[in-house]
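Biologist: Could you take me through the charged side-chain pairs of this model, one after another, and say how open each partner is to the surroundings? I would like the reasoning spelled out rather than a bare list.

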Amino acid sequence: MSSMFWMGLAMAAWGRLPPDGAAQLQKVDAVMPELRRLAGDPEVVRAIRAQNARRVPLATVQRHDAEWMATPALTPFKQAVLDAPCAGALQRAQKRLGLAMAEAFTMDGQGALVCASRRTSDYWQGDEDKWRLTYAGGRGGPELRESPFFDESSQAYVIQVSLPVRDGARVIGALTVGLSLLDL
């Protein structure tokens, strides 16, 4: 059954929608209003705005990324991201979505994590489509739905949905939410 499910999702991603794949995509569509609210949450916007204002050099962000990936333990730096000012907004969304929300994290104008609901595999997302295409150089791209995959950090089969985060009309960062396909 599991392989049929994933085959259905793969076919849905390629444009051929079998009934089970279409139903799964409809479930993702159903949670999009909640994800849009989270992307516009004032707590999220304030935290990203504050981190952008610090103007951390990209070299420092990349050094943090290398340290993050090299150390599997929960370091004080990782804990600070988990306890960041917008963590409350992520926790409230988690309560509303339940197990369907495997993880969520916000990124600043460079793709560095601002806050996260759980430890991610890396700190800097600036080299990944979830940030590049959604932030789009500060212009804001479309909402992005990646192909389903097994996510090591959340230990779930997920589809990641990324949205731009705006401060008024200006795009200041991005939000990614991993939706657990088995719990939608």
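Modeller: R63 and E67 both belong to helix 4 (residues 58–70), where they stand four residues apart, so that about one helical turn separates them. I begin with this pair, keeping in mind that the model is predicted. R63 and E67 form a salt bridge in which the closest N and O atoms are 3.4 Å apart, which falls inside the cut-off of 4 Å that defines such a contact here. As for their surroundings, R63 is partly exposed with a relative accessible area of 42%, and E67 is likewise partly exposed, its value also being 42%.

The reasoning behind such pairs is general: side chains of opposite charge can pair when their charged atoms come close. With the 4 Å rule applied to this model, the count comes to 11 salt bridges.

A pair of another kind joins E143 and R36, whose side chains meet in a salt bridge with an N to O distance of 2.7 Å. Because E143 sits in the loop between helix 7 (129–135) and strand 3 (144–145), while R36 belongs to helix 2 (residues 19–39), this salt bridge ties together parts that lie 107 residues apart in sequence. Both partners can be placed on the accessibility scale: E143 has 34% relative accessibility and counts as partly exposed, and R36 is partly exposed at 43%.

For K130 and E128, the salt bridge has its closest N and O atoms 2.8 Å apart. Here the two partners fall into separate classes, since buried means under 20% relative accessible area: K130, at 8%, counts as buried, whereas E128, at 21%, counts as partly exposed.

Charged side chains may also be joined in a group, and in this model E34, R37 and R96 are linked in a network of salt bridges.

For contrast with the charged pairs, one may look at a nonpolar part of the surface, where F150, Y157 and L182 make a patch of about 290 Å². One of its members, F150, is found in strand 4 (residues 149–151), and with a relative accessibility of 34% F150 counts as partly exposed. Residues qualify for a patch of this kind with over 30% relative accessible area and no salt bridge, so the 34% of F150 is above that limit.

Conventions. Residues numbered from 1 in each chain as written. Predicted model: local features only at pLDDT ≥ 70, side-chain atom pairs only at ≥ 80, totals over all residues. Heavy atoms only, no water. Helix = DSSP H or I, 4+ residues; strand = E, 2+ residues; numbered from the N terminus. Buried < 20%, exposed > 50% of the residue type's maximum accessible area, 1.4 Å probe, protein only. Patch = residues over 30% accessible without salt bridge, like charges linked within 9 Å, V, L, I, M, F, W, Y side chains within 5 Å. Areas by Shrake-Rupley, 256 points an atom, 1.4 Å probe, with all protein chains shown as cover.
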